[in-house]
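Please explain how this protein is put together, starting from a local detail of the backbone and working outward to the whole fold and its ligand.

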Amino acid sequence: NKESSSSRGALIVLEGLDRCGKTSQSGRLYKYLDEQGHSVESWRFPDRNTGVGQMISSYLANKSQLDDHAIHLLFSANRWEKRSLMEEKLKSGTTLIVDRYSYSGVAFSSAKGLDIEWCKAPEIGLLAPDLVVYLDISPEKAAERGGYGDERYEQLEFQKKVAGSYLSLRDSSWKVIDATLSIEDVEKKLREVVLDCMITCHKGKPLSQLWP
Ligand code: Z5A
(Lines give C-alpha, C1' and ligand atoms only; values in the text may rest on other atoms or scores of the structure.)
Protein backbone atom coordinates (compact mmCIF):
# COMPACT_ATOMS: atom_id res chain seq x y z
CA ASN A 1 0.00 0.00 0.00
CA LYS A 2 2.92 2.33 -0.65
CA GLU A 3 2.90 5.09 -3.24
CA SER A 4 5.91 6.82 -4.74
CA SER A 5 6.33 10.58 -4.51
CA SER A 6 9.00 13.25 -4.68
CA SER A 7 9.53 16.51 -2.78
CA ARG A 8 6.24 16.21 -0.96
CA GLY A 9 5.02 17.78 2.24
CA ALA A 10 5.07 15.96 5.58
CA LEU A 11 2.03 14.75 7.50
CA ILE A 12 2.70 15.76 11.09
CA VAL A 13 0.20 14.67 13.76
CA LEU A 14 -0.01 16.03 17.29
CA GLU A 15 -1.71 13.82 19.86
CA GLY A 16 -2.31 13.95 23.59
CA LEU A 17 -4.82 14.46 26.35
CA ASP A 18 -7.16 17.40 26.49
CA ARG A 19 -5.20 20.58 27.43
CA CYS A 20 -1.77 19.07 26.75
CA GLY A 21 -1.01 22.08 24.53
CA LYS A 22 -1.69 20.80 21.00
CA THR A 23 -3.54 23.90 19.86
CA SER A 24 -0.86 26.25 21.22
CA GLN A 25 1.94 24.21 19.67
CA SER A 26 0.22 23.79 16.28
CA GLY A 27 -0.11 27.56 16.05
CA ARG A 28 3.51 28.20 16.98
CA LEU A 29 4.84 25.53 14.64
CA TYR A 30 2.70 26.81 11.79
CA LYS A 31 3.97 30.36 12.29
CA TYR A 32 7.59 29.23 12.43
CA LEU A 33 7.42 27.05 9.29
CA ASP A 34 5.48 29.69 7.39
CA GLU A 35 8.03 32.37 8.28
CA GLN A 36 10.82 30.02 7.13
CA GLY A 37 9.14 29.97 3.71
CA HIS A 38 7.68 26.45 3.85
CA SER A 39 4.31 25.67 2.33
CA VAL A 40 2.36 24.64 5.43
CA GLU A 41 -1.22 24.37 6.68
CA SER A 42 -2.66 23.82 10.12
CA TRP A 43 -5.52 21.27 10.30
CA ARG A 44 -7.47 19.77 13.18
CA PHE A 45 -9.83 16.87 13.77
CA PRO A 46 -12.67 16.90 14.35
CA ASP A 47 -13.10 19.35 11.49
CA ARG A 48 -16.31 20.92 12.77
CA ASN A 49 -16.97 22.82 9.52
CA THR A 50 -18.34 19.88 7.52
CA GLY A 51 -21.85 18.36 7.86
CA VAL A 52 -20.40 15.36 9.70
CA GLY A 53 -18.29 17.74 11.80
CA GLN A 54 -21.40 19.59 12.92
CA MET A 55 -22.98 16.33 14.12
CA ILE A 56 -19.78 15.60 16.08
CA SER A 57 -19.71 19.09 17.53
CA SER A 58 -23.30 18.80 18.72
CA TYR A 59 -22.50 15.42 20.34
CA LEU A 60 -19.40 16.80 22.11
CA ALA A 61 -21.44 19.73 23.42
CA ASN A 62 -23.97 17.23 24.85
CA LYS A 63 -26.67 18.62 22.57
CA SER A 64 -27.28 15.23 20.97
CA GLN A 65 -26.90 11.60 22.03
CA LEU A 66 -25.38 8.90 19.85
CA ASP A 67 -24.43 5.26 20.28
CA ASP A 68 -20.68 4.93 21.02
CA HIS A 69 -20.13 2.98 17.79
CA ALA A 70 -22.04 5.54 15.73
CA ILE A 71 -20.01 8.52 17.00
CA HIS A 72 -16.81 6.56 16.46
CA LEU A 73 -17.73 6.05 12.80
CA LEU A 74 -18.62 9.73 12.43
CA PHE A 75 -15.19 10.79 13.71
CA SER A 76 -13.68 8.38 11.19
CA ALA A 77 -15.94 9.62 8.36
CA ASN A 78 -14.82 13.16 9.21
CA ARG A 79 -11.24 12.08 8.40
CA TRP A 80 -12.29 10.20 5.27
CA GLU A 81 -14.06 13.27 3.88
CA LYS A 82 -10.74 15.11 4.02
CA ARG A 83 -8.53 12.26 2.77
CA SER A 84 -8.27 13.17 -0.91
CA LEU A 85 -7.60 16.85 -0.15
CA MET A 86 -4.95 15.75 2.34
CA GLU A 87 -3.22 13.61 -0.30
CA GLU A 88 -3.41 16.41 -2.88
CA LYS A 89 -1.84 18.93 -0.49
CA LEU A 90 0.96 16.58 0.58
CA LYS A 91 1.79 15.61 -3.00
CA SER A 92 1.90 19.25 -4.05
CA GLY A 93 4.55 19.90 -1.39
CA THR A 94 2.47 21.30 1.48
CA THR A 95 3.27 20.14 4.99
CA LEU A 96 0.20 19.55 7.18
CA ILE A 97 0.26 20.02 10.94
CA VAL A 98 -2.74 18.03 12.17
CA ASP A 99 -4.13 18.49 15.69
CA ARG A 100 -5.58 15.02 16.54
CA TYR A 101 -6.03 12.17 14.04
CA SER A 102 -6.91 8.46 14.00
CA TYR A 103 -5.09 7.83 17.30
CA SER A 104 -7.53 10.14 19.09
CA GLY A 105 -10.34 8.21 17.43
CA VAL A 106 -9.08 4.90 18.73
CA ALA A 107 -7.89 6.18 22.14
CA PHE A 108 -11.17 7.90 23.05
CA SER A 109 -13.51 5.18 21.80
CA SER A 110 -11.51 2.31 23.28
CA ALA A 111 -11.43 4.24 26.59
CA LYS A 112 -15.22 3.84 26.55
CA GLY A 113 -14.78 0.07 26.29
CA LEU A 114 -15.05 -0.50 22.53
CA ASP A 115 -12.78 -3.20 21.11
CA ILE A 116 -9.52 -1.66 19.92
CA GLU A 117 -9.35 -3.65 16.67
CA TRP A 118 -12.95 -2.66 15.88
CA CYS A 119 -11.94 0.95 16.51
CA LYS A 120 -8.96 0.74 14.16
CA ALA A 121 -10.84 -0.90 11.27
CA PRO A 122 -12.54 2.19 9.76
CA GLU A 123 -9.22 4.05 9.86
CA ILE A 124 -7.51 1.52 7.55
CA GLY A 125 -6.56 3.21 4.27
CA LEU A 126 -6.32 6.75 5.63
CA LEU A 127 -2.90 8.32 5.09
CA ALA A 128 -0.33 7.34 7.70
CA PRO A 129 1.39 10.24 9.42
CA ASP A 130 5.09 10.74 8.76
CA LEU A 131 5.44 11.78 12.37
CA VAL A 132 3.27 11.39 15.46
CA VAL A 133 4.23 13.66 18.34
CA TYR A 134 2.69 12.82 21.70
CA LEU A 135 2.57 15.76 24.09
CA ASP A 136 2.91 13.92 27.35
CA ILE A 137 1.15 15.18 30.47
CA SER A 138 -0.60 13.39 33.32
CA PRO A 139 -4.39 13.77 33.44
CA GLU A 140 -4.07 15.46 36.84
CA LYS A 141 -1.58 18.07 35.59
CA ALA A 142 -3.66 18.68 32.46
CA ALA A 143 -6.75 19.26 34.62
CA GLU A 144 -4.88 21.97 36.54
CA ARG A 145 -4.51 24.01 33.34
CA GLY A 146 -7.41 26.36 33.70
CA GLY A 147 -9.90 23.57 34.40
CA TYR A 148 -11.95 21.67 31.89
CA GLY A 149 -14.79 23.10 29.84
CA ASP A 150 -18.26 21.64 29.43
CA GLU A 151 -17.56 19.21 26.61
CA ARG A 152 -18.42 15.57 26.96
CA TYR A 153 -14.94 14.05 27.49
CA GLU A 154 -13.52 16.79 29.69
CA GLN A 155 -13.55 14.82 32.95
CA LEU A 156 -10.56 13.62 34.93
CA GLU A 157 -11.69 10.00 35.35
CA PHE A 158 -12.30 9.62 31.63
CA GLN A 159 -9.02 11.33 30.71
CA LYS A 160 -7.22 8.74 32.88
CA LYS A 161 -8.72 5.98 30.75
CA VAL A 162 -7.75 7.83 27.57
CA ALA A 163 -4.16 8.12 28.85
CA GLY A 164 -4.12 4.31 29.26
CA SER A 165 -5.45 3.81 25.72
CA TYR A 166 -2.79 6.10 24.27
CA LEU A 167 -0.13 4.08 26.10
CA SER A 168 -1.24 0.90 24.38
CA LEU A 169 -1.29 2.63 20.97
CA ARG A 170 2.12 4.27 21.20
CA ASP A 171 4.97 2.64 19.27
CA SER A 172 8.67 3.35 19.02
CA SER A 173 8.20 5.66 16.02
CA TRP A 174 6.25 8.19 18.10
CA LYS A 175 8.17 11.16 19.45
CA VAL A 176 7.15 11.84 23.03
CA ILE A 177 7.68 15.37 24.34
CA ASP A 178 7.27 16.31 27.99
CA ALA A 179 4.29 18.68 27.76
CA THR A 180 4.89 20.03 31.28
CA LEU A 181 7.99 21.93 30.09
CA SER A 182 7.54 25.62 29.30
CA ILE A 183 5.64 26.43 26.09
CA GLU A 184 8.93 27.67 24.57
CA ASP A 185 10.85 24.49 25.46
CA VAL A 186 8.12 22.24 24.05
CA GLU A 187 8.13 24.40 20.91
CA LYS A 188 11.90 23.98 20.51
CA LYS A 189 11.77 20.19 20.86
CA LEU A 190 8.83 20.00 18.48
CA ARG A 191 10.65 22.03 15.82
CA GLU A 192 13.63 19.68 15.96
CA VAL A 193 11.65 16.49 15.33
CA VAL A 194 9.45 18.14 12.71
CA LEU A 195 12.37 19.56 10.69
CA ASP A 196 14.05 16.12 10.71
CA CYS A 197 10.88 14.53 9.45
CA MET A 198 10.37 17.15 6.72
CA ILE A 199 13.87 16.48 5.37
CA THR A 200 13.10 12.75 5.13
CA CYS A 201 9.88 13.50 3.25
CA HIS A 202 11.56 15.95 0.86
CA LYS A 203 14.12 13.24 0.08
CA GLY A 204 11.32 11.07 -1.26
CA LYS A 205 9.99 8.96 1.60
CA PRO A 206 6.82 7.43 0.11
CA LEU A 207 3.36 8.15 1.48
CA SER A 208 1.85 5.13 3.19
CA GLN A 209 -1.44 4.13 4.75
CA LEU A 210 -2.80 3.22 8.14
CA TRP A 211 -2.21 0.95 9.91
CA PRO A 212 1.39 0.12 9.07
N1 Z5A B 1 -12.04 13.03 19.71
C2 Z5A B 1 -12.55 11.74 19.60
O3 Z5A B 1 -13.19 11.24 20.51
N4 Z5A B 1 -12.33 11.03 18.45
C5 Z5A B 1 -11.63 11.55 17.41
O6 Z5A B 1 -11.47 10.87 16.38
C7 Z5A B 1 -11.10 12.88 17.54
C8 Z5A B 1 -11.33 13.58 18.70
C9 Z5A B 1 -10.33 13.48 16.41
C10 Z5A B 1 -12.56 17.40 20.79
O11 Z5A B 1 -11.25 17.73 20.56
C12 Z5A B 1 -12.72 16.08 21.45
O13 Z5A B 1 -12.91 15.06 20.48
C14 Z5A B 1 -11.54 15.64 22.26
C15 Z5A B 1 -11.15 14.28 21.69
C16 Z5A B 1 -12.32 13.85 20.90
N17 Z5A B 1 -12.03 15.51 23.61
N18 Z5A B 1 -11.34 15.64 24.63
N19 Z5A B 1 -10.88 15.69 25.60
P20 Z5A B 1 -10.77 19.24 20.50
O21 Z5A B 1 -9.62 19.21 19.55
O22 Z5A B 1 -11.87 20.15 20.16
O23 Z5A B 1 -10.32 19.54 21.99
P24 Z5A B 1 -8.92 19.24 22.65
O25 Z5A B 1 -8.03 18.54 21.70
O26 Z5A B 1 -9.18 18.52 23.86
O27 Z5A B 1 -8.24 20.67 22.73
P28 Z5A B 1 -7.96 21.71 23.85
O29 Z5A B 1 -8.81 21.67 25.02
O30 Z5A B 1 -8.03 22.94 23.05
O31 Z5A B 1 -6.54 21.35 24.38
P32 Z5A B 1 -5.10 21.49 23.70
O33 Z5A B 1 -5.24 21.98 22.30
O34 Z5A B 1 -4.34 20.26 23.87
O35 Z5A B 1 -4.36 22.59 24.59
P36 Z5A B 1 -4.18 24.19 24.40
O37 Z5A B 1 -5.49 24.82 24.07
O38 Z5A B 1 -3.03 24.47 23.55
O39 Z5A B 1 -3.73 24.51 25.90
C40 Z5A B 1 -4.59 24.36 27.00
C41 Z5A B 1 -4.21 25.40 28.09
O42 Z5A B 1 -2.92 25.10 28.61
C43 Z5A B 1 -4.13 26.84 27.59
O44 Z5A B 1 -4.55 27.69 28.61
C45 Z5A B 1 -2.64 27.03 27.33
O46 Z5A B 1 -2.23 28.37 27.41
C47 Z5A B 1 -2.03 26.20 28.43
N48 Z5A B 1 -0.72 25.61 28.05
C49 Z5A B 1 -0.36 25.04 26.86
N50 Z5A B 1 0.91 24.61 26.89
C51 Z5A B 1 1.38 24.89 28.13
C52 Z5A B 1 2.66 24.66 28.76
N53 Z5A B 1 3.67 24.07 28.13
N54 Z5A B 1 2.79 25.07 30.04
C55 Z5A B 1 1.75 25.67 30.70
N56 Z5A B 1 0.54 25.91 30.15
C57 Z5A B 1 0.35 25.52 28.88
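In this predicted model, Gly93 adopts a positive phi of about 100° just after helix α4. The helix that precedes this glycine, α4, covers residues 83-91, and Met86, Lys89 and Leu90 are buried within it. Viewed down the axis of α4, these buried residues fall within an arc of 95°, so they line one face of the helix. Their packing partners are the strands β1 (11-16), β2 (40-44) and β3 (95-99), whereas Ser84, Leu85 and Glu88, on the other side of α4, are exposed.

Helix α4 belongs to a protein with nine helices and five strands, whose elements follow one another from the N terminus in the order β-α-β-α-α-α-β-α-α-β-α-α-β-α. The radius of gyration is 17 Å, close to the 17 Å that the globule rule gives for 212 residues, so the protein is as compact as a globular protein of that length. The C-alpha trace spans about 45 × 35 × 30 Å along its principal axes, and 38% of the 212 residues count as buried. Among contacts with a separation of 6 or more, 82% are made by residues 24 or more positions apart.

The ligand, finally, is surrounded by 25 residues, of which Asp18, Gly21, Thr23, Gly105 and Phe108 are the closest. The elements that contribute two or more residues to this shell are α1 (22-35), α5 (102-111) and α9 (183-202). Sorted by class, the shell around the ligand consists of ten nonpolar, eight polar and seven charged residues.

Technical notes
Residues numbered from 1 in each chain as written. Predicted model: local features only at pLDDT ≥ 70, side-chain atom pairs only at ≥ 80, totals over all residues. Near = placed C-beta within 6 Å. Helix = DSSP H or I, 4+ residues; strand = E, 2+ residues; numbered from the N terminus. Nonpolar A, V, L, I, M, F, W, Y, C, P; charged D, E, K, R; others polar. Rg over C-alpha atoms; globule rule 2.2 N^0.38 Å. Buried ≥ 20, exposed ≤ 12 C-beta atoms within 10 Å, placed from the backbone. Contact = placed C-beta atoms within 7 Å. Arc of directions from axis to C-beta.
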